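I open a fresh page for this structure. My notes follow in the order in which I looked things up.

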Number of protein chains: 2
Amino acid sequence: MSHDSRARTKTAVARVAADRLQPVSRRERNKQEKRARIVEAARQLFQEKGFAQTTTLEIAEAADIGTGTLFLYARSKEDLLILVFKDEMLETAMTAFARLRAEDPLLDQLVQVFDAMASHHERDRDLAKILLREIMFPANGDRLTDIAELMDAIFAGLAALLTTAQAAGILRAKFDPRLVAENLFSNYFMDMLEWLRGLWTKEAFRDRLRQHLAITIDGLR
Amino acid sequence: MSHDSRARTKTAVARVAADRLQPVSRRERNKQEKRARIVEAARQLFQEKGFAQTTTLEIAEAADIGTGTLFLYARSKEDLLILVFKDEMLETAMTAFARLRAEDPLLDQLVQVFDAMASHHERDRDLAKILLREIMFPANGDRLTDIAELMDAIFAGLAALLTTAQAAGILRAKFDPRLVAENLFSNYFMDMLEWLRGLWTKEAFRDRLRQHLAITIDGLR
DNA sequence: CTTCATTTATGACTATAGTCAGTTTATATC
DNA sequence: GATATAAACTGACTATAGTCATAAATGAAG
């Protein structure tokens with residue numbers, strides 16, 4: 001989406017010099033600023049009032065843009081969610097992986113990662129539900145790249161853990177780590193969904209998730 | 001719409017006797033008929049024009065009721081999907097289980113069941129996506145009972161398969177069949193989602209699903 | 001600075017899901 | 001059959017996501 005069309009055809013040398021210091025065009029800068037304002041306005045309103053209770057008009061007003069403009073930056077209201085929360089989710093996942101201690105049992109490490117990812121959604125479950133719905137069922141054909149990137153990062157992280165475990169002989173090397181990662185993630189996802197629906201406490205969720213993960217991991221030992 | 005004006009006014013005794021044979025009130029009968037008309041109208045329009053392209057007004061008109069009435073029978077447009085397709089999906093699943101041959105390998109049986117369930121959605125992938133979205137993320141607090149019933153039936157069917165396998169010594173009895181069933185289903189669900197997104201052919205989907213299921217099943221052998 | 005082309009912004013407008021105050025219909029009771 | 005109560009129905013109405021024709025801003029080039 002964000003092209004940087006740098007230094008096309010410049011006439012003045014001074015111009016080029018100025019671009020060294022400030023290499024984005026005014027246009028690009030405006031766009032980024034507007035985008036940032038939209039993201040901030042949307043985040044604040046979604047967290048303050050909830051997704052359904054926030055109107056696109058309110059977001060546009062808070063970001064100080066026209067209603068139509070909003071839809072140049074996001075294809076739909078749901079799409080805004082990805083725009084707003086993708087980086088945050090990605091970072092949560094990456095941080096969770098980074099914090100793992102390699103000497104912990106594999107199952108513990110997995111539970112820790114998923115637990116961290118789930119905890120990130122603890123504060124606002126309704127928002128989380130809609131966000132996850134959008135990730136699994138993207139409304140139009142939109143922001144597929146962002147979603148794929150997020151999922152890829154998670155799968156890669158999990159697969160790395162599994163590869164390490166296989167190398168250490170803790171896990172049978174019979175299966176492709178990536179496929180196993182996908183299995184584990186789908187366990188997490190379903191359990192989290194039920195947790196978000198309010199069926200369980202956080203502890204019950206963690207227990208249940210551990211049991212589900214154990215079925216896969218234990219079998220591959 | 002054609003009314004059948006049977007048993008309009010009866011004397012007390014005759015009335016009671018008639019009610020023995022036909023124990024539903026006129027009210028209840030009207031409701032059922034209306035409900036049936038709504039279901040049929042919605043099914044036809046959804047399949048003909050697609051979910052997004054069908055308006056609630058069209059459905060109401062086709063069912064010969066007022067717009068407001070529609071929402072006495074379904075809480076939302078999405079809710080209609082469950083109303084319309086739940087029985088069908090339940091039957092597809094049950095039939096798939098019934099057709100299994102106990103002497104086939106467990107993994108084959110699982111693939112067959114899931115394949116049958118997925119095939120049911122093959123004709124109309126877009127509709128399937130929205131339907132599955134509604135099942136996993138019911139819009140309001142909507143039709144939760146129906147959804148739970150459907151999921152329970154599937155889990156029970158899978159768990160029965162696994163219990164049989166455990167009894168036959170094919171599968172280690174270490175884990176709760178229900179939990180294993182949930183694992184397998186979540187594999188199916190995620191793979192089907194990607195298939196519906198158009199990433200794979202049906203064959204690729206089946207292969208991939210088999211691989212995912214094998215990770216769990218193999219480990220428990 | 002002026003012109004022209006391209007990108008970006010705008011808000012009046014449209015389409016439609018869902019609501020609600022008022023109406024009709026069914027049933028129970030006399 | 002008349003009346004009262006409750007259940008079911010209705011369509012005009014509201015709220016709002018998303019569109020689109022038009023306008024403004026930006027940048028390139030002379």
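At what angle do the axes of helix α9 of chain A and helix α10 of chain B cross? I note at the start that I am working with a predicted model. I looked up residues 177-196 of chain A, which form α9, and residues 202-219 of chain B, which form α10. Their axes cross at roughly 80° and come within 10 Å. Angles from 65 to 115 degrees count as roughly perpendicular, so α9(A) is roughly perpendicular to α10(B).

Next I listed who meets whom in this pair. From α9(A) I wrote down A:L179, A:V180, A:E182 and A:N183. They meet B:Q211, B:H212, B:I215 and B:T216 of α10(B). I sorted the residues of this contact by class: three are nonpolar, four are polar and one is charged.

Then I turned to the whole contact between the chains. I found 21 residues of chain B in contact with 20 residues of chain A. On the chain B side, α7 (125-136), α9 (177-196) and α10 each supply at least two residues. Which helix gives the most to this side? I found that α9(B) does, with nine residues. By class, I noted ten nonpolar, seven polar and four charged residues on the side of chain B that touches chain A.

How are the two chains related? I laid chain B on chain A by a turn of 180° and a shift of 0.0 Å along the axis, and the RMSD came to 0.1 Å. I recorded this as the relation of a two-fold axis. Which residue of chain B comes closest to the rotation axis? It is B:G219, with its C-alpha at 1.8 Å. I also checked the interface residues of chain B: 95% are interface residues in chain A too, so the copies meet through the same surface.

My next entry is on DNA strand C. I counted 22 residues around the strand. Those that come nearest are A:G66, A:G68, B:S25, B:R26 and B:G68. In chain A, α2 (26-49) and α4 (67-73) each give two or more residues to this surface. In chain B, α2 (26-49), α3 (56-62) and α4 (67-73) do so. I sorted the residues of the surface near DNA strand C into four nonpolar, twelve polar and six charged.

Last, I looked at chain A by itself. I counted ten helices and zero strands. Of its 221 residues, 30% are buried. I then took the contacts between residues at least 6 apart in sequence, and 62% of them join residues at least 24 apart.

Conventions:
Residues numbered from 1 in each chain as written. Chains lettered and ligands numbered in written order. Predicted model: local features only at pLDDT ≥ 70, side-chain atom pairs only at ≥ 80, totals over all residues. Axes fitted to C-alpha atoms, helices over the stretch in contact; angles between N-to-C directions. Helix = DSSP H or I, 4+ residues; strand = E, 2+ residues; numbered from the N terminus. Parallel < 35°, antiparallel > 145°, perpendicular 65-115°, else oblique. Contact = placed C-beta atoms within 7 Å. Nonpolar A, V, L, I, M, F, W, Y, C, P; charged D, E, K, R; others polar. Near = placed C-beta within 6 Å. Buried ≥ 20, exposed ≤ 12 C-beta atoms within 10 Å, placed from the backbone. Least-squares fit on C-alpha atoms with pLDDT ≥ 70 in both.
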